[in-house]
Amino acid sequence: MLVPFLWATSVYGVLHGAGSTILCGIIQESMGYSNGSVVGGYDCVGSGTGLTRVFSGDVDFAGSDAVLTETQAEEYPDAQMIPLTLTPLAIIYNLPGLSNSLTMSMNTLAKIMSAQITHWDDPVIQSENPDSSLPSEPIRLIVRNDSSGSTDILTTSLNAHAPSSWPWSGGKNFPDLGSPTRIDGTTGLIGAVLTTNYSVSYAGVSSLVGSKARYAVLLNNFGDVTLPWWASGTSSASFVLDKNNLTATAFQGVGYPLVGVSYLVFKRSSEKICELLE
């Protein structure tokens, strides 16, 4: 963790939050283990919806897997961002009959996500999985339909690691590329992958706890084989303080390449939050 959870304090109060599905388990568990000091709830509705609700005053705080845009920062000058944790993203897939783990480089992943590679037995994928016999079926890409921090982590990482295959900048909305199936929310997306043969998608690692979804092994730009579960031990971040907001950029180095930073977002004028910070 980059900062302590603000609600795990000795101040008595009730907080309610909403936002990132990647942070769902982490926040809910932390609120449950706060010794009764701070109670309330957290709605796992996605980063975009969470930010909308905190800005409207519907909730006390939001969890977001992306920094505020310039427009949001200008529109809500009272907003405060604090980095909370490094958040790895897993590539999940459903390939019947494949006993080995699926392996791919970031460049290959970028081409799959942008519909430059459309079949599982494409020579590029096969070359990275020489011991597997991949099916000749079309790749059924499933992406988030709603504004999503998971999508921001994916697109930002692809642009950083494979810019020639993914020249688009990062963002919370998946680009208009190919004809992917678009699903609202992480739970629905994971369910769609589990029930759709030959599909592939992405989800936060914390969202996969207890799930039967299979996740890919990724090759980073050094050619190292990496797993999403290793991200916390192989990644780090740099910090920038700008206009009272502390932002962070994840560096993967020789570690897992799909890692972002998740934030706690609240209003500086919030009396509840101010009490907790005192």
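Q: How many aromatic pairs turn up in a search of the whole structure?
A: There are 4 aromatic pairs. Keep in mind that this is a predicted model.

Q: Why is the pair of Phe 55 and Tyr 76 called stacked?
A: The ring centres of Phe 55 and Tyr 76 lie 3.9 Å apart, and pairing asks for centres within 6.5 Å. The planes sit at 10 degrees, and under 30 degrees counts as stacked, so that's the label. The pair links distant parts of the chain: Phe 55 belongs to helix H2, while Tyr 76 is in the loop between helix H3 and E4, 21 residues apart.

Q: What makes Phe 55 buried or exposed?
A: Its relative accessibility is 11%, and buried means under 20%, so Phe 55 is buried. Tyr 76, at 27%, falls between the 20% and 50% cut-offs, so Tyr 76 is partly exposed.

Q: What makes the pair of Trp 166 and Trp 168 edge-to-face?
A: The angle between the planes is 75 degrees, and over 60 counts as edge-to-face, so the name fits. Centre to centre, Trp 166 and Trp 168 are 4.9 Å apart. Ring pairs also bring in Phe 174, giving a cluster of Trp 166, Trp 168 and Phe 174.

Q: How do you know whether Trp 166 is buried or exposed?
A: Trp 166 has a relative accessible area of 0%, which is under 20%, so Trp 166 is buried. Trp 168 comes in at 32%, between the two cut-offs, so Trp 168 is partly exposed.

Q: How do you know that Cys 24 and Cys 44 form a disulfide?
A: Their sulfurs are 1.7 Å apart and the limit is within 2.5 Å, so the pair counts as a disulfide. The structure holds 1 disulfide. This one ties helix H1, home of Cys 24, to strand E2, home of Cys 44, across 20 residues.

Q: Why does the disulfide of Cys 24 and Cys 44 get a handedness, and which one?
A: The torsion about the S-S bond is about 65 degrees, so the disulfide is right-handed.

Q: What makes Phe 222 buried or exposed?
A: Its relative accessible area is 57%, and exposed means over 50%, so Phe 222 is exposed. Phe 222 is found in the loop between strands E10 and E11.

Q: How do you know that E4 and E8 pair?
A: They share 6 bridges in the antiparallel sense, and at least two are needed, so E4 and E8 pair. One of the contacts puts Ile 91 opposite Tyr 202 of E8.

Note on methods. Residues numbered from 1 in each chain as written. Predicted model: local features only at pLDDT ≥ 70, side-chain atom pairs only at ≥ 80, totals over all residues. Heavy atoms only, no water. Helix = DSSP H or I, 4+ residues; strand = E, 2+ residues; numbered from the N terminus. Buried < 20%, exposed > 50% of the residue type's maximum accessible area, 1.4 Å probe, protein only. Phe/Tyr/Trp six-rings, centres within 6.5 Å; stacked < 30°, edge-to-face > 60°.
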